[in-house]
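Me: I'd like to go through the empty spaces in this model with you, pockets and cavities both. Ready for a few questions?

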Amino acid sequence: MGIRFARCGRVAAVALAGLIVAGCATGRLDATKPVGPEARDIDVLMRVSGWMAVGVGIFVAAAVGTIIVKFRAKPGDDPDDLPPQIHGNRKAELTWTIIPIVLLVFLTVWTLPTVFALAREGDGRTIKVEGQQWWWQFSYDLDEDGQFDDIVTANDLVIPTGEDVNLELHSNDVIHSFWIPQLNGKRDVVPGRVHNWRIRSDEPGIFYGECVEFCGLSHANMQMRTIVLTPEDFERWKQDQLDGQAAARAALAQGSAVAAGATLFETHCISCHVVDGTYESAADGNANLLAGIAPNLTNLMSRTAFAGALYETYLQGPDGEYLRDSGGNLVLNIAEMREWVRNAPEMKPARADNQQGMLDFSEVLTDQDLDHLMAYLKTLGSPPVLP
Ligand code: CUA
């Protein structure tokens with residue numbers, strides 16, 4: 001008896017530890033706090049079917065428990081005496097057939113239209129989304145000429161509030177899956193196919209997401225975020241993006257460190273990276289990469305994250321709030337960005353030898369080179385517009 005209790009205690013302790021660990025989410029990916037109508041539809045459906053399952057589970061557990069206790073062998077029972085057999089009891093069989101049918105039909109009638117409605121295209125602006133090993137690119141067609149070349153960014157998907165944004169999902173290599181849990185469910189991103197996906201948020205904020213289809217070495221590091229801005233802030237962001245090219249070109253004319261950095265950039269970076277209006281030679285398909293594309297670095301400083309959104313561009317406090325210097329400006333996470341330029345594969349598993357990910361420049365660039373490159377990169381774009 002004592003041994004049995006000890007074992008029960010251990011099992012309970014493990015179960016309790018499991019529950020505690022399960023509650024230790026970082027809170028960045030949270031499907032239980034939907035903000036968009038699509039995510040809310042999914043959330044309601046999940047909760048209703050979850051509570052139905054809980055109800056069925058409790059009923060079955062209670063029935064099994066009652067039967068075990070009520071019909072157990074009692075002292076003085078004849079061991080050869082069989083209990084009354086109810087095989088073929090129509091009432092019992094109809095009951096345990098009809099109840100599940102009613103529950104499942106109820107869920108089907110609700111789920112099917114919801115699933116189809118979720119897959120409908122949004123009637124707001126379309127943004128082109130490209131997944132590749134291992135980061136996301138977002139392109140905007142502002143002049144509506146069918147070319148998604150007016151703003152090209154990475155990691156940060158910036159949208160205005162109150163608009164059914166239509167995402168046109170493409171893959172440049174293998175199958176990925178796009179998921180921003182607070183805005184909508186998961187949608188596969190398949191090479192050779194275009195999938196549309198709708199997101200909407202009526203409140204500004206930053207909502208985090210992640211690739212959810214195993215796509216190779218750095219699948220877990222293929223993250224992204226949606227920056228939802230008020231329509232006014234969104235216009236400001238758009239204007240910043242358009243002004244950024246000229247500002248970056250103007251900065252080239254000043255300071256020798258920036259010019260030295262630009263020369264290094266020309267030597268080492270432009271076979272893969274584009275800076276619109278300055279270095280366009282690495283246009284899609286020319287880049288020496290498997291997917292034929294590396295992040296476009298125009299307006300790099302306006303992104304809140306780099307390296308597949310694995311690292312923050314600007315320093316944050318313990319609660320994720322952005323730190324500011326005495327002048328009220330965001331503080332660049334220069335240490336990690338410099339280290340990323342020096343030796344990217346060490347900070348994010350990649351296979352540069354297989355043309356997947358950035359090369360290791362630790363043997364190529366000196367400390368002074370890195371300082372110059374950082375001076376140049378800092379001129380690419382203004383700080384992000386934050387919600
Ligand atoms: Cu892309 Cu996993």
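Me: Which strand and which helix each supply at least two residues of the lining of the largest cavity?
Reply: Keep in mind that this is a predicted model. The lining of the largest cavity consists of Asp150, Ile151, Val152, Gln241, Leu242, Gln245, Asp276, Thr298 and Asn299. Ile151 and Val152 fall in the range 151-154, while Gln241, Leu242 and Gln245 fall in 231-253. The two elements are therefore strand E3 and helix H4.

Me: Which element gives the largest share of that lining of the largest cavity?
Reply: Strand E3 and helix H4 each bring at least two residues. The largest share is three residues, and it comes from H4.

Me: How do the residues lining the largest cavity divide by class?
Reply: The lining includes Asp150 and Asp276, and Asp counts as charged. Ile151, Val152 and Leu242 are in the lining too, and Ile, Val and Leu count as nonpolar. The split is three nonpolar, four polar and two charged.

Me: How many cavities of 30 Å³ or more does the structure hold, and what volume does the second largest have?
Reply: There are two cavities of 30 Å³ or more. The largest has a volume of about 50 Å³. For the second largest cavity, the space comes to about 30 Å³.

Me: What is the class make-up of the lining of the second largest cavity?
Reply: Its lining is Thr153, Asp156, Val158, Trp237, Ser302 and Arg303. Asp and Arg count as charged, Val and Trp as nonpolar. That lining divides into two nonpolar, two polar and two charged.

Me: On to the pockets. Which helix gives the most to the lining of the largest pocket?
Reply: The largest pocket has a volume of about 810 Å³. Elements giving two or more residues to its lining are helix H5 (256-268), strand E11 (305-306), helix H6 (334-342), helix H7 (344-347) and helix H8 (367-377). The top contribution is three residues, from H6.

Me: How many of the residues lining the largest pocket are nonpolar?
Reply: The lining has 46 residues, with His273, Ala294, Pro295, Trp340 and Met358 nearest the centre. Twelve lining residues are polar and three are charged. The nonpolar count is 31.

Me: Which helix gives the most to the lining of the second largest pocket?
Reply: This pocket, of about 390 Å³, is lined by residues including Val56, Phe59, Trp96 and Leu103. H2 and helix H3 (90-118) each supply at least two of the lining residues. By class the lining has ten nonpolar, one polar and no charged residues. Six residues come from the helix that gives the most, H3.

Me: Is Val56 buried, partly exposed or exposed?
Reply: Val56 sits in helix H2 (residues 37-70) and helps make a nonpolar surface patch of about 560 Å², along with Phe59, Val60, Val64, Ile68 and Val69. Its relative accessibility is 39%, and the band in between runs from 20% to 50%. So Val56 counts as partly exposed.

Me: And Pro318: how far is its C-alpha atom from that of Leu112?
Reply: Pro318 lies in the loop between strand E12 (311-312) and H6. Pro318 is exposed because its relative accessible area is 82%, and the cut-off is over 50%. Along the chain, Pro318 and Leu112 are 206 residues apart. Their C-alpha atoms are separated by 42 Å.

How values were computed: Residues are numbered from 1 along each chain as its sequence is written. This is a predicted model: local features need pLDDT of at least 70, side-chain atom pairs count only at pLDDT 80 or more; totals for chains, interfaces and linings use all residues. Side-chain values use heavy atoms; hydrogens and water are left out. On a 1 Å grid over the protein atoms alone, a cavity is a set of points where a 1.4 Å probe fits but cannot get out, and a pocket is an open set with protein on both sides within 12 Å along at least five of seven lines; lining residues have an atom within 4 Å of a point. Grid points are joined across faces, edges and corners, and a volume is the space filled by probe spheres set on the points. Helices (H or I, at least four residues) and strands (E, at least two) are DSSP runs, numbered from the N terminus. Patches are made of residues with over 30% relative accessible area and no salt bridge: like charges are joined within 9 Å, nonpolar side chains (Val, Leu, Ile, Met, Phe, Trp, Tyr) within 5 Å. Accessible areas come from the Shrake-Rupley method with a 1.4 Å probe; for residues, only the protein chains shown count as cover. A salt bridge is a side-chain nitrogen of Lys or Arg within 4 Å of a carboxyl oxygen of Asp or Glu. Buried means under 20% relative accessible area, exposed over 50%, partly exposed in between (1.4 Å probe, protein chains only).
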